[in-house]
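Trainee: Could you walk me through one part of this model in detail? I'd like to see how a pair of helices packs, and then where that pair sits in the rest of the chain.

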Amino acid sequence: MPTATTVVTPARFAQGLIYAGFLEKATVNHDKFEESYRSVPLTNADLSFFRRAAALTNGPAKILAIAEAWCGDVYRELPTVVRIAEATGIELRIFYRDENPDIMDEFLSNNGKSRAIPVFVFYTEDLQYITRFTERSASAHAGLAAAMDEAKVQLNLPSNATFGNLPDGDRQALLRELIARIRPHSDQWRKDAIQEIRELLSAALKIPNAG
Amino acid sequence: MPVEAKPVVYTIRGCDACVKLLRKWDAEHVEYEERHVELSQAVLDEARSHGDLVPIVVWPDGRVEQGFGDTIGCFI
């Protein structure tokens, strides 16, 4: 939950960038954003759900996104939220993380230790917090953990091996093995992120998660 | 006198693993060439040709290391 004294006031929210402004300012990955925008895996049922949620008086009317253009999770997930905003009329404002540390500080993850992005914060019209999605879906986190375990088995590394306690050679081999194992799941994890956003909104608004 | 080759390190502003690596190197007086991935597509493409996670270190002998410390690092 954000702090009681949030820095996200109406005036501050309005200072966020629209997507075109975000892209204009981005120095990298224009092709990746374009490709992700073209291939957003939103179904008609998803769009129907988001439109229904946005139509509620206490439903989402504003989304605050925290992002950086270099980040893989951002160029994969931000275009999804752009499409949701376009389809529902929800106002999307994007803030570059490193230029807005006070906003980032309100939405830290990993028990306040990580500045993971993207963050998508859903608000009502009068900026009452509804819910938020951070970085990637729970299934993606679980998939990463499973891939890590499989990679250790493949490399005959002890099950308690971590990036912090392995010698450099083993550490690099583990990273390469892990990356090879998670790459094929990227498309599914984008779909899972949409489902997770639906579940978050459904729970927060107490509405059925149906299309 | 021959010029000593330095490792090239690809970093991103705000990447915790990058900050930790450079702090360690600075404390150990390791000389390095830092290239900021977020500032240009050319540097990002160059970094991607070596790996997927910053920091990426390319040693003078061609060895490549990705990430640092006990976290995965930042996907690029």
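Mentor: Sure, let's take helix H7 (residues 138-154) of chain A and its partner H8(A), which pack at an angle of about 130° with their axes 9 Å apart. Keep in mind that this is a predicted model. Angles over 145 degrees would count as roughly antiparallel and 65 to 115 as roughly perpendicular, so H7(A) and H8(A) come out as oblique to each other. Their crossing is right-handed.

Now for the residues at the crossing. On the H7(A) side you'll find Gly143(A), Leu144(A), Ala147(A), Met148(A), Glu150(A), Ala151(A), Lys152(A) and Gln154(A). Facing them from H8(A) are Leu174(A), Glu177(A), Leu178(A), Arg181(A) and Ile182(A). Sorted by class, this contact has seven nonpolar, two polar and four charged residues.

Zooming out a bit, the domain assignment of chain A gives domain 2 as 139-182, while domain 1 is made of two stretches, 10-135 and 186-205. The centres of the two domains, taken over C-alpha atoms, are 30 Å apart.

There's also a partner chain to think about: 17 residues of chain A are in contact with 21 residues of chain B. On chain A's side of that contact, helix H5 (72-88) and helix H8 (168-182) each supply at least two residues. H8(A) gives the most, with four residues. By class, the side of chain A that touches chain B has six nonpolar, five polar and six charged residues. To pull it together, H8(A) packs against H7(A) and also supplies residues to the side that touches chain B.

Technical notes
Residues are numbered from 1 along each chain as its sequence is written. Chains are lettered from A and ligands numbered from 1 in the order in which they are written. This is a predicted model: local features need pLDDT of at least 70, side-chain atom pairs count only at pLDDT 80 or more; totals for chains, interfaces and linings use all residues. Domain bounds come from an automatic or database domain assignment. Two residues are in contact if their C-beta atoms, placed from the backbone, lie within 7 Å. Ala, Val, Leu, Ile, Met, Phe, Trp, Tyr, Cys and Pro count as nonpolar, Asp, Glu, Lys and Arg as charged, and the others, Gly among them, as polar. Axes are lines fitted to C-alpha atoms, for helices over the stretch in contact, and angles run from 0 to 180 degrees between N-to-C directions. Angles under 35 degrees count as roughly parallel, over 145 as roughly antiparallel, 65 to 115 as roughly perpendicular and the rest as oblique. A crossing is left-handed if the near helix is turned anticlockwise from the far one by less than a right angle, and right-handed if clockwise.
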